[in-house]
Each structure stands twice: as structure tokens, then as C-alpha cells.
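Please open the model in your viewer and keep a selection box at hand, as this tour moves from one selection to the next and says what is found at each stop.

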Amino acid sequence: MSKGGNSLSAVKEKAAADMVIRNAAQLITCKADTKDPPGLIENGWLAVKGERIEAVGTQAEVLEAVDCSRAVVLDACGKTVVPGFVDSHTHLVFGGSRVREYVARLTVDNPETIREMGIKTGLPATVEMTRAESEETIFEASARKLKRMLCCGTTTVESKSGYGLDLENELKQLRVSKRLDQVLPVDVVPTFLGAHGWPSEMPKQKYLSLLLQEMIPEVGRLKLAKFCDVWCDEGYYTAAESEKILLAARAAGMEPKIHTDAYSYIGGSDLAADLRMVSADHLNYTPASVMKKLAEAKVPGVLLPGTDFSVNHPKPFNPKPMLESGMTIALATNCNPGNWTESMQFVMMLACRRHRMTPAESLKAATSGGAAALGLDHDRGSLEAGKLADIQIWDTPVYEEVVYRLGGNIVDIVIKRGRVVVENGRLAEQSSR
Ligand SMILES: [Zn+2]
């Protein structure tokens with residue numbers, strides 16, 4: 001009694017887990033401070049309470065920390081346990097399809113020739129289709145994409161507007177993102193990308209004023225976006241224009257992100273470092289000196305192998321100097337009508353084979369790196385006590401198989417916020433929230 005009275009913590013009952021994953025051939029934590037392989041635990045155990053992870057480690061460590069006697073047991077014998085993917089750059093809410101353009105581009109190099117074939121191309125084509133479709137139609141199509149992403153292991157998705165290019169249609173896209181977040185068991189993080197370009201019906205400067213004076217304040221007032229993004233590149237917005245847009249967005253309550261250095265270097269990545277943006281994305285033409293600036297400013301770089309692959313990019317991004325400079329890097333699908341990729345596994349395959357990343361680097365970039373690029377690394381992206389129980393179980397004993405089984409889906413189970421939402425690679429019943 002005398003001892004128990006002054007060491008309450010010692011006699012405090014252990015937390016009771018709701019779910020325990022046991023016997024994983026490999027459990028990869030993807031913790032930020034781990035090196036290759038990123039936090040590998042053999043015969044790993046993990047306990048979940050509510051929507052959060054309660055303990056991770058060996059059998060002895062988990063049973064010591066948590067009471068697992070009443071928990072639902074998932075046996076992961078012969079399987080790999082990793083964090084849910086965080087896809088930190090997508091444009092998944094759009095109208096129509098540009099399959100005819102994609103097919104034509106496979107064999108025709110000149111865009112003019114493609115237009116002469118009567119095929120509408122690029123951003124203007126998708127803006128036209130997105131404006132023409134109803135909110136309901138776009139929602140249904142986007143929900144189907146998001147469900148496939150979930151079945152491929154993605155548990156958090158960033159979703160940009162940018163195919164409306166007027167207030168009404170930008171808001172339509174943002175409302176779809178909000179509804180997707182509410183009805184499906186994936187967290188959808190909305191980004192306003194009104195500065196994806198400008199509409200064909202008005203000159204750039206006129207649209208820029210509209211963005212600054214009407215669209216950004218209204219999106220901010222409605223709280224429909226967490227971030228604001230801009231396309232800063234030759235032929236798009238200059239670094240000075242991007243700065244104006246992003247400072248206005250910050251004043252309206254949205255933190256800045258940037259598409260930059262994809263086809264030229266005009267100062268967008270410097271701006272990302274100067275404004276300490278949430279992320280700088282693409283980075284094909286970023287000089288080594290600016291990589292250092294991004295690392296020092298703690299701005300993650302979001303790399304998009306699916307884009308470089310689908311456009312057959314003349315200068316694929318190079319992750320090596322970025323990693324050497326100390327930058328945090330994220331991999332993302334950039335799912336959009338010109339680069340229709342829903343699978344983070346496919347993105348990892350490309351990152352390894354075409355951009356010379358190791359499987360460990362690519363897994364970390366697809367999980368904890370993605371979380372950092374959304375400012376959510378305190379909460380998800382790695383398997384650690386206290387973080388969200390966003391977990392994948394892969395039907396393979398070795399994590400490297402994810403980049404080896406080309407074009408496949410090795411996901412067996414997905415757990416989102418402590419709930420099994422995918423089983424046998426398929427959406428579980430009652431998968432809406
Ligand atoms: Zn993009």
C-alpha cells in the first residue's frame with residue numbers, strides 16, 4: 001500500500017487494445033529518423049486502440065505495453081506490414097478523360113498535328129469537360145478513383161482543384177473533395193489550384209486580379225481548402241506572380257504549395273524556400289544550390305515519376321542530389337487526366353527503376369515523406385505509438401517485392417483509423433464512414 005500509493009503509473013492498468021496485428025514477417029515503421037531499411041522489425045507486432053496505434057515492436061514489447069487479451073487478432077504471418085500510403089499530390093477530381101490525346105501522343109510528337117486530328121488537348125480540354133459535367137457526375141467518377149487508390153494502399157490523398165478556372169467550377173471541385181473525405185474511409189486534403197493556368201476566355205492579368213480579389217478570399221471564407229497551389233514555370237505564372245498569389249492565399253488562411261521547375265527554372269523553387277512552403281513539387285530543373293536551400297528551409301520536395309513516365313519527360317527528376325542535400329522527399333501519383341495513375345505502388349516501381357531510388361527510399365517517400373509534404377507528419381506516415389492506425393498488410397514476406405511485381409497490387413488488408421476497410425485487396429463491406 002505504502003509503495004503503491006506513490007507510484008500510480010506502475011500499478012495503472014495497461015491500455016486494452018482493440019486490434020492486434022501479430023507475427024508480421026516484416027514490419028516497416030518508416031519512422032523519419034530510421035535508415036535503410038526504414039525501421040525494419042522482424043516478426044513484428046502492432047496494437048491498435050480506437051483510431052490510433054498503441055504499441056509497435058516485437059511480441060514481447062507489445063504484450064508488455066498493451067493488454068491484447070480482448071483484441072481482434074489479424075495474423076500477418078508471411079506478410080509485410082507498412083504505413084498506409086500518403087499520396088501528397090493529385091488532381092483526382094476532374095471531368096471526362098483525355099485518352100484520345102494520350103494515345104495520339106504515343107506515336108505523334110507534334111502537338112499541332114494532334115490538334116489537327118480534331119483532338120482537344122491539355123488543360124483547356126479538361127477545363128471544358130469539368131465545367132460541362134455536373135457536380136454529382138464528377139463526384140461519382142472521383143469516388144471510383146479514390147476507392148481504387150484505397151485498394152492499392154492509399155489512406156490519405158491530397159486533392160487539387162484547378163480544372164474550373166472560374167469561381168463556380170473551382171468551388172464545385174472543392175465541394176467534391178470535401179464530400180469524398182466525408183463519405184469514404186480515406187482522408188482527402190483539399191488544395192485550391194485556381195492558378196493552374198488561366199481560362200481561354202480572358203487574358204492572364206485579368207484572371208490574376210480575379211484570383212487575388214475574388215476567388216482566393218471566397219475559398220478562404222468558405223474554408224474549402226487547406227492549401228493553395230500555383231503553377232510556376234515558363235509559360236505559366238512567374239515567380240513574382242506566384243508570390244502574390246500565395247501571399248494572398250496565406251492571408252486567407254491557406255498555406256502555400258507550388259508546382260515548379262517541371263519544364264524550366266525561373267525561381268519557383270527559391271520562392272518555395274523563401275516562403276517556407278508546405279512543399280515544392282516536380283523539381284526536374286532545380287539546381288543543386290536550391291536543393292540545399294529547400295533542405296535548410298525544411299521544404300519537402302514532391303516527386304512525380306508517373307508524370308515523367310507518361311509525358312516521356314526530356315529531363316527526368318533526379319532524387320540523388322536532393323537526398324544528399326538533406327531534403328525530405330515525397331513520392332506522389334499526380335493522378336490527373338494527362339497522367340492517370342492511381343497506384344502508389346506503380347509510382348514506387350518507376351521511382352526505383354527509372355530514377356534509381358532504393359525500395360527503402362521509395363517506401364519512406366511514399367509514406368512519411370508524403371505526410372511531411374502535407375504538414376501531417378506529426379499524425380501519420382509511420383507506424384509509431386500515438387499516430388493514426390493507417391496501416392497496410394501486404395501479401396508478401398519481403399517489402400522489396402512491392403517494386404518487383406511490376407504492375408500488380410500486393411495489398412491484402414488496409415486499415416484506416418483503426419478499421420479494416422480493404423480485405424483480400426477489395427473494399428470491405430460498410431466501407432463508408
Ligand atoms: Zn500537379
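With four donor atoms around the zinc ion, is the site regular or irregular? The model you are looking at is a predicted one, and in it the angles among the four donor atoms run from 79 to 169 degrees, so that under the criterion that tetrahedral angles all lie between 85 and 135 degrees the site does not qualify as tetrahedral, and it is classed as irregular.

**Stop 1: the zinc ion**

Select the zinc ion together with His-89, His-91, His-259 and Asn-334, which coordinate the metal through NE2 of each histidine and OD1 of the asparagine, at 2.0 to 2.7 Å. Along the chain, these donors follow the spacing H-x1-H-x167-H-x74-N. Extend the selection to strand E12 (residues 255–260), where His-259 lies, and to the loop between strand E15 (329–331) and helix H15 (344–355), where Asn-334 lies; the pair therefore ties together parts that are 75 residues apart in sequence.

**Stop 2: H15 and H16**

From that loop, continue into H15 and add helix H16 (residues 359–366), whose axis comes within 9 Å of the axis of H15 and crosses that axis at roughly 140 degrees. The two helices are therefore oblique to each other, and their crossing is right-handed. Showing side chains here brings up Met-344, Met-348, Ala-351 and Cys-352 of H15, which meet Pro-359, Ser-362, Leu-363 and Ala-366 of H16. By class, the residues of this contact divide into seven nonpolar, one polar and no charged.

**Stop 3: H9 and H10**

Next, select helix H9 (residues 204–222) and helix H10 (residues 239–251), whose axes come within 9 Å and cross at roughly 15 degrees, so that H9 and H10 are roughly parallel to each other. If you follow H9 past H10, the crossing is left-handed. On the H9 side the contact is made by Lys-204, Gln-205, Leu-208, Leu-211, Leu-212 and Ile-216, and on the H10 side by Glu-241, Lys-244, Ile-245, Ala-248 and Ala-249. Colouring these residues by class would show seven nonpolar, one polar and three charged.

**Stop 4: H8 and H9**

Keep H9 selected and add helix H8 (residues 167–183), for which the axes of H8 and H9 come within 11 Å and cross at roughly 30 degrees. H8 and H9 are therefore also roughly parallel to each other, and H8 passes H9 in a right-handed crossing. Which residues meet in this pair? Leu-167, Glu-170, Leu-171 and Leu-174 in H8 are met by Met-215, Glu-218, Val-219 and Leu-222 in H9, a contact that comprises six nonpolar, no polar and two charged residues.

Definitions and conventions: Residues are numbered from 1 along each chain as its sequence is written. This is a predicted model: local features need pLDDT of at least 70, side-chain atom pairs count only at pLDDT 80 or more; totals for chains, interfaces and linings use all residues. Side-chain values use heavy atoms; hydrogens and water are left out. Axes are lines fitted to C-alpha atoms, for helices over the stretch in contact, and angles run from 0 to 180 degrees between N-to-C directions. Helices (H or I, at least four residues) and strands (E, at least two) are DSSP runs, numbered from the N terminus. Angles under 35 degrees count as roughly parallel, over 145 as roughly antiparallel, 65 to 115 as roughly perpendicular and the rest as oblique. A crossing is left-handed if the near helix is turned anticlockwise from the far one by less than a right angle, and right-handed if clockwise. Contact means heavy atoms within 4.5 Å. Ala, Val, Leu, Ile, Met, Phe, Trp, Tyr, Cys and Pro count as nonpolar, Asp, Glu, Lys and Arg as charged, and the others, Gly among them, as polar. Donors are N, O and S atoms within 2.8 Å of the metal (3.2 Å for Na, K and Ca); water is not among the atoms, so sites may look incomplete. Four donors count as tetrahedral if all angles lie between 85 and 135 degrees; four count as square planar and six as octahedral if opposite donors are over 155 degrees apart and all others between 65 and 115; anything else is irregular.
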